[in-house]
Amino acid sequence: KHTLGGATFVSNFILYFEGGYWDVESHRKVLLHLWSLGVEEQFYLVFPIMVFVLYKIKLPMSAIIALGTTASFALNVYCSYYHYSFNFYMPFTRFWELLAGSLLALYLRKPNITRPSDKTLNILSIAGAMAILYSSIGLSQQGFPGYQALFPVIGTALIIYAGGFNKPPLFNGLLSVKPIVNIGLISYPLYLWHWVLLSFAWIIVGGWETKGFELIGFRALLILIAFVLSILTYYLIEKPIRFGKKRKGLKAVALIVVLAGIGGIGSVLYIKGAPPDRWLTRSGYDGFSVEKNPWGVERDDLCKKTYLLNEQSYCRFIDAGAKEMILLVGDSHARHAFEAIAEYNKDKGANTLLFGHNGNGNPIINEAGHKYYQPSSREKIIDAIRNNTSIKKVYIFMHEVYFYKLGADEYRKRLQAFIDDINATDRKIYIVENNPVLSAHIKNYMTHPLNVFTTKTPFPPTRTYMLERKKGFYDAVSSVKGLTLIRSLDAWCPIDNCLLTDENGRWLYYDDNHITTIAGGRFLVEKVLKPYLDE
């Protein structure tokens, strides 16, 4: 999919729609860096048309471009507070950075422009260099671009401005030194190569934290290789294509055909899936990437129309046209179980509803002070449960970390309060024992056949350890009135070592505590929940 997105210059849109709580780590996205190429190309397609129209109808070009720059920057600042992913990837919030250069070009093209003194130009170019230096070490990922993007944009504009006159000042003279110029010449292939090498290396060795890979020297070696490949790319590919005078038309056609071919291969593999018998899949290494976006949307339209919950809430509804409704409520663990349970219920003619929250803001524990804490949403969820007489069974799913954070008494008290609030009369209320939490991300348990480093694979949790750890949890839950505990440990840990894959070798975990939809969810239904769902 990313190959297709890169070939069609829409990577930024694809990455935006992938983003969210459940998205895979950015290091696993080998073509992640092409998002900025997408934004650039979209600008290069739109901007010349706009300039042409403005020129033809004789409108003040500088004023309108300045207005567009201001509007794009204002949208960027607004979205940096409320729509982070949209702000980062969308062209509308990034065009101002390119339009700033357009305004500078228009200004420098003005006739009879007054040349500042060398001293002024030196001060401006040094200030620009300081702004760029600060950009490389002082900016925060939080809320970027936002106001922070002014530093690299203004810094670059100052250096270009200072160098736009004859007799370039001090700092611009330094940028004309041959080694610096040569880096500039290979900068585009270096942009294309560097992230691919780092990302593949991260995938192959199993993460930045793998022994040896955290060493600066190893990553420096990869960057050195990127420089070598960039030099070869520049002299063997870029220069002949850009500056060679022979067969220009044929080169253009060949490039289009190659690009279309690459995009076509990407689309076919994305639609049909990767070959199931390839070596890396057989080794088990590729198992982690089998289930993409494993839990679907957080809020579906049918649920949103029926229950007016805030944007932090999970709200899903599978309507099988039945009178009986089964409710899942809790946190992300309720969501990761929803797809498989809803699929099973629908086959037997029962509706399934999901209410929940991300993280500690779930409507059962409801910890004030957490970023997802929404008391009004909790009240809406409780009212919806209380007033919906078709809900006959309620299944509580949530991470058991709350038990250890709150302590047995507080945990039991909050659980009892929730059951009392939803009026459990004539309803069966269950709490599903959480699947074992791993000591590391699931990727660390997988084989990495190309890993040249010595890595220590962690052991799965053991049944003995889990029984000892959960003793207090069992005691606390058993004392809550109106609640039935569904124990799952026998399924997850049928022998002493707890399971990581099902009988077909499919990974049951998505990370260290969430399960996968197809393998993990169906395992949960078949091995744990089926008797209760069939009652």
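Visitor: What makes you speak of a kink in α16, and where is it centred?
Guide: The bend at a residue is the angle between axes fitted to the seven residues ending there and the seven starting there. In α16 there is a kink of about 45°, centred on Phe338. Please keep in mind that this is a predicted model, in which local features need pLDDT of at least 70 and side-chain atom pairs count only at pLDDT 80 or more, while totals for chains, interfaces and linings use all residues. Residues are numbered from 1 along each chain as its sequence is written, and side-chain values use heavy atoms, leaving out hydrogens and water.

Visitor: Why is α16 called a helix?
Guide: Helices are DSSP runs of H or I with at least four residues, strands are runs of E with at least two, and both are numbered from the N terminus. Helix α16, residues 332–347, has 16 residues, so it meets the requirement of at least four. The protein chain has 22 helices and 6 strands.

Visitor: How does the reach of α16 compare with what is expected?
Guide: The expected span of a helix is 1.5 Å times one less than its number of residues. For α16 that gives 22 Å, and its reach from first C-alpha to last is 24 Å, which is close.

Visitor: And what about the distance between the end C-alpha atoms of α22?
Guide: There the value falls short: α22 has 17 residues, yet its end C-alpha atoms are only 18 Å apart, against the 24 Å of a straight helix. α22 also has a kink of about 50° at Lys527, shortly before the proline Pro531.

Visitor: How do you know that α16 is mostly covered?
Guide: A residue is buried under 20% relative accessible area, exposed over 50%, and partly exposed in between (1.4 Å probe, protein chains only). By that rule 12 of the 16 residues of α16 are buried, among them Phe338, Ile341 and Tyr344. Across the 535 residues of the protein chain, 43% count as buried.

Visitor: What covers the buried residues of α16?
Guide: Contact means heavy atoms within 4.5 Å. The cover of α16 includes strands β1, β2, β3 and β4, along with helix α22. Seen from the other side, the buried residues of α22 pack against α16, and also against β2, β4, β5, β6 and α21.

Visitor: What makes Asp331 a cap for α16?
Guide: A polar contact is a pair of N or O atoms within 3.5 Å; within protein, one must be able to donate a hydrogen and the other to accept it, and residues adjacent in sequence count only if both atoms are side-chain atoms. At the N-terminal end of α16, a side-chain oxygen of Asp331 lies 2.9 Å from the backbone nitrogen of His333. Just after α16, Gly349 takes a positive phi of about 85°.

Visitor: Why is β2 described as largely enclosed?
Guide: 6 of the 6 residues of β2 are buried, so the rest of the structure largely encloses this strand. Met325, Leu327 and Val329 point one way, while Ile326, Leu328 and Gly330 point the other.

Visitor: How do you know that β2 and β3 pair?
Guide: Two strands pair if DSSP finds at least two bridges between them. β2 and β3 run parallel and are joined by 6 bridges, so they pass that test. In one of these bridges, Leu328 has Leu354 in β3 as its partner.

Visitor: Why is Phe355 counted as buried?
Guide: Phe355 has a relative accessible area of 0%, so it is buried. This residue is found in β3. Its C-alpha is 8.3 Å from that of Asp331, though the two are 24 residues apart in sequence.

Visitor: What makes Cys493 and Cys498 a disulfide?
Guide: A disulfide is a pair of cysteine sulfur atoms within 2.5 Å. The sulfur atoms of Cys493 and Cys498 are 2.0 Å apart, so the pair qualifies. A search of the whole structure finds 1 disulfide.

Visitor: Is that disulfide of Cys493 and Cys498 right-handed or left-handed?
Guide: The torsion about the S-S bond is about 90°, so the disulfide is right-handed. Both Cys493 and Cys498 are buried.

Visitor: Why does His33 count as buried?
Guide: Its relative accessibility is 8%, so His33 counts as buried. His33 sits in the loop between α2 and α3. A polar atom of its side chain lies 3.0 Å from the backbone oxygen of Leu192.
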